[in-house]
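Work through the following exercises with the sequence and the structure side by side. Each task is followed by a solution that goes step by step.

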Amino acid sequence: MKRIIGLSLLGICIAATSGYAQQGPDNAQQGPRRGQPQSTFREDALDPSPVNPTIDPNIDMFVNDYKSAKPRTEYGTVVFRDILTRAEGDPIHPKRKGAVLSDISTVSRATLAPGASASGRAPKGTVEIYFATAGEGKITVNSKSFDVKDGVGFTLTPDFDFKLTSTGKEPLGFYVRAQPLPENYKTSPDVVVVNRWDMDRRIGAHWVHTCNAGPNGMMLCTIAPHTIPQPHSHPAEEAWIMVKGETILSLGKSLRHMVPGQAYRIPPTGVTAHSNINLSEEPVEMIYMGPLSRGGPGGPGAAGGPPQGGPPPGGQDFARLDNASINAATEPDVDMFMGNWHDAFPRVIHGNLYIRDMLTALQGSDPLHPTHKGAVLTNAVAVSYAMLEPGSSAHPVKDEPKDVQESLVVNSGTGVIKSGSSSFELSKGKAFILTPGLDFKLTATGDHYMTFYVVTQKLPEGAAPKATLQVVDNSAKPQVTNAWYDKERGLLTSGDGLLHYHALTQVEQPSMTMARAYSDPQGTEEIWIATGGDVEVLFGKELRKISAGTAYRIPSTGKTPHANINVSDKSAEFLYMTTDNPLLAASK
C-alpha cells in the first residue's frame, strides 16, 4: 500500500506539467536566428520574447531563505520561520520578497529543541504538512505513537489533537506547508505518517527527477550529479524547497545559486520555465510542492490533467522542452555531434598552417545518426582550429584542392596578410576568406603562435568565388542581443562570400546566464564553436561541459533543444552559424 501511495504522489509531479497551460506571447519578438515560431502546442523551445525587466517577473522576489525570516512560535514550543507567504497584490509582480503564494498560505522551516514537546490541534479550516529533514522525535495521536526522523512526513488537520516530542541530540527540523483545507478534501481522524525510506525510487519525471514520495503535498525528489531536469512552465502554483546540496536554478530568463533553506515559487505566467540544474558531483535533494491532492493526507489522488506529453487543454500555448522521458535507443547520441581539436590528428595546408578538425563532413546516410564522432556536417567540409608559427607564412601550394574555400577568424596573435597590392594587419576578431586561385601570403608576426578558427566549404558547381582578398573588422560595430543574453556581432556574411550559412557570428555570453533553449527542425544546420571560457551546454536532454576549442552541431530533429549555460564569473565567447530555418522562412 505504501508503494502505491508513493507512485501516486509521483504522478502529481508528472501531471503538473501536462495539466497546466497558458497562452504564450503572440508572435513574440525574435532575433535573426532563434528557433521556431509560436505554435499551438510547443515542446521545442522556451519563451522567445527578449529580456525585458519592465515586463518579466523579478525572479528574486520569488526566491527566499528562512534564515532571513523573523521567528514565530506555534503550539507553545515549535519555532517557525516563513520562507514563502501569501501574495500581496499582483501575483506576477509581488510587492514583497517571498510573498508569492496563492493556494498555499505559508512554506516554512520549523524546529523543536531537543527534549522539548509541543501539542495542540491544527487551526480550524487548515491543513499543515510536515516533512522532517533533521533530528529525531515522536508524534502521538489517539494514543498511537510514530517515530519521526529525516524522510518522515505527516499531515495535521483540525480533526485530532497531537503531541510532538524531540528526542534526539539536535533540534527536530521540518519543512512545513500550510494552507486552507481544499474543497472536498478527505480528512482523517488519525495522523497519516509517510516514510520515504519505505518507497522505491522512480526516475523519469521531467527527464531526471528521481522521487520516492512523502506526505501528500510534499514530495522528496533527488537530482543526479551533472544533470538538468526538463525546463517547463506553469500558470498554476508550484514551489520547491532546497533541502540538501546546491543547485543552479534556471527560473524564467535568469540563473540563481540555490542552497539549503531556500525555496521558490514559479511565477504563474505560463511561459516562465524552471529547472533545478545539478552541476555538482553529488545528488541533491529538493521538496516539490504542487496542487494538494484531494485524496486526503496520504491519499492517492493526483492533480488532474491530460497524460504526460499530451497536448494542453484548449490548444493553448506554453513554454517547455520535449516532455518525453529519455530514450537512448531512439534519440540522437549528442556526443557524436561534438568534437574538440585537441582530439584530432594534425594536418598541414598552405605550406605551414597546422589544421586540427573539430567537425567534418557527414559519414553515413543518416544525419541524425552519424557513424563517426564529429562527422556531422552537410554544408561544410570541416570546422577546424589552425595554428601558424611565429615568423612562418602560409601561402598557396600546388595540388591543393581547387574546389574549396576557407573562412578564417583570428583567435589569437598578430600577423599580416598580403594579396596583390593589398596588405592587411591581423589581430583577434578579424576575418577573411581564402578562395581557390587567390594569391596570398599570411605571416605570423608576433612572439606567439597565431591561431584561427576555420570553416572549409566546397564550392557549388559553377560558382564564381571572389578573386580579391577582403579582411573584415567589425569590432567597432554594436552588438545585438539574441536568445535572452547572447551579445552578437556578425563577422562574415554571404555578401563577403560565405557559402550556405547566413553569417559567421561572434557571440559573447555574460556571466551567470543561460541562453534561451530551442530546437532546430529538419533541414537546418546550426554550428557552435566555443572560443573562450568553459561552459555547460544543454544538449538534447543532457548536460555537457565544454571548453574552448570545442564545436558542436545541433541534431535537427525539432525536439533536440540546446542552450549554452555560463555559470562562471567571466563572459564566454563563441562563433555561431546557421542555415535557413524552414519553419521561420514559412512564417514570413
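**Exercise 1: The disulfide**

The structure, which is a predicted model, holds one disulfide. Find which cysteines form the disulfide, state its handedness, and decide whether each partner is buried or exposed.

*Solution.* Begin with the sulfur atoms: those of C211 and C221 are 2.1 Å apart, and these two residues form the disulfide, since a pair of cysteine sulfur atoms counts as a disulfide within 2.5 Å. Next, place the pair along the chain, where C211 belongs to strand β16 (residues 209–211) and C221 to strand β17 (residues 219–223), so that the link joins distant parts of the chain, 10 residues apart. Then take the torsion about the S-S bond of C211 and C221, which is about 100°, and therefore the disulfide is right-handed. Finally, compare the accessibilities with the cut-off, under which a residue is buried if its relative accessible area is under 20%. C211 has a relative accessible area of 2% and is buried, and C221, at 1% relative accessibility, counts as buried as well.

**Exercise 2: An open sheet**

Work out in which order the strands β20, β19 and β22 stand in their sheet, and which of them stand at the edges.

*Solution.* The three strands form an open sheet in the order β20-β19-β22, and the pairing is antiparallel. Because β20 (254–258) and β22 each have a single partner strand, they stand at the edges, and one side of each is left without a neighbour in the sheet. From one strand to the next, the twist averages 20°.

Now look at one pairing in detail: β19 (residues 247–251) and β22 run antiparallel and are joined by four bridges. Across this pairing, L251 stands opposite H274 in β22, while L249 stands opposite N276 in β22.

The last step concerns the faces of the strand. In a regular strand the side chains alternate between the two faces of the sheet. In strand β22 (residues 274–277), H274 and N276 lie on one side and S275 and I277 on the other; all of these are buried, and both faces are thus covered.

**Exercise 3: The second largest pocket**

Describe the second largest pocket by its space, by the residues closest to its centre, and by the classes of its lining residues.

*Solution.* The space in the second largest pocket comes to about 380 Å³. Of the 22 residues that line this pocket, H350, E400, P401, V404 and E406 are the closest to its centre. Sorting the lining by class gives 13 nonpolar, five polar and four charged residues. Turning to the strands, β26 (346–349), β31 (404–412) and β36 (450–458) each supply at least two residues of the lining, and the largest share, three residues, comes from β31.

**Exercise 4: Three single residues**

For W207, A483 and A132, determine where each residue is placed and whether it is buried or exposed.

*Solution.* W207 is found in the loop between β15 (202–205) and β16; its phi is near 80°, a positive value in a residue other than glycine, and W207 is buried, with a relative accessible area of 3%. A483 has its place in the loop between β38 (480–482) and β39 (486–493), has a positive phi near 50° although the residue is not glycine, and counts as buried at 7% relative accessibility. A132, by contrast, lies in strand β8 (residues 126–134) and counts as buried at 0% relative accessibility. The C-alpha atoms of A132 and Y175 are separated by 6.6 Å, with the two residues 43 residues apart along the chain.

How values were computed
Residues are numbered from 1 along each chain as its sequence is written. This is a predicted model: local features need pLDDT of at least 70, side-chain atom pairs count only at pLDDT 80 or more; totals for chains, interfaces and linings use all residues. Side-chain values use heavy atoms; hydrogens and water are left out. Buried means under 20% relative accessible area, exposed over 50%, partly exposed in between (1.4 Å probe, protein chains only). Two strands pair if DSSP finds at least two bridges between them. On a 1 Å grid over the protein atoms alone, a cavity is a set of points where a 1.4 Å probe fits but cannot get out, and a pocket is an open set with protein on both sides within 12 Å along at least five of seven lines; lining residues have an atom within 4 Å of a point. Grid points are joined across faces, edges and corners, and a volume is the space filled by probe spheres set on the points. Ala, Val, Leu, Ile, Met, Phe, Trp, Tyr, Cys and Pro count as nonpolar, Asp, Glu, Lys and Arg as charged, and the others, Gly among them, as polar. Axes are lines fitted to C-alpha atoms, for helices over the stretch in contact, and angles run from 0 to 180 degrees between N-to-C directions.
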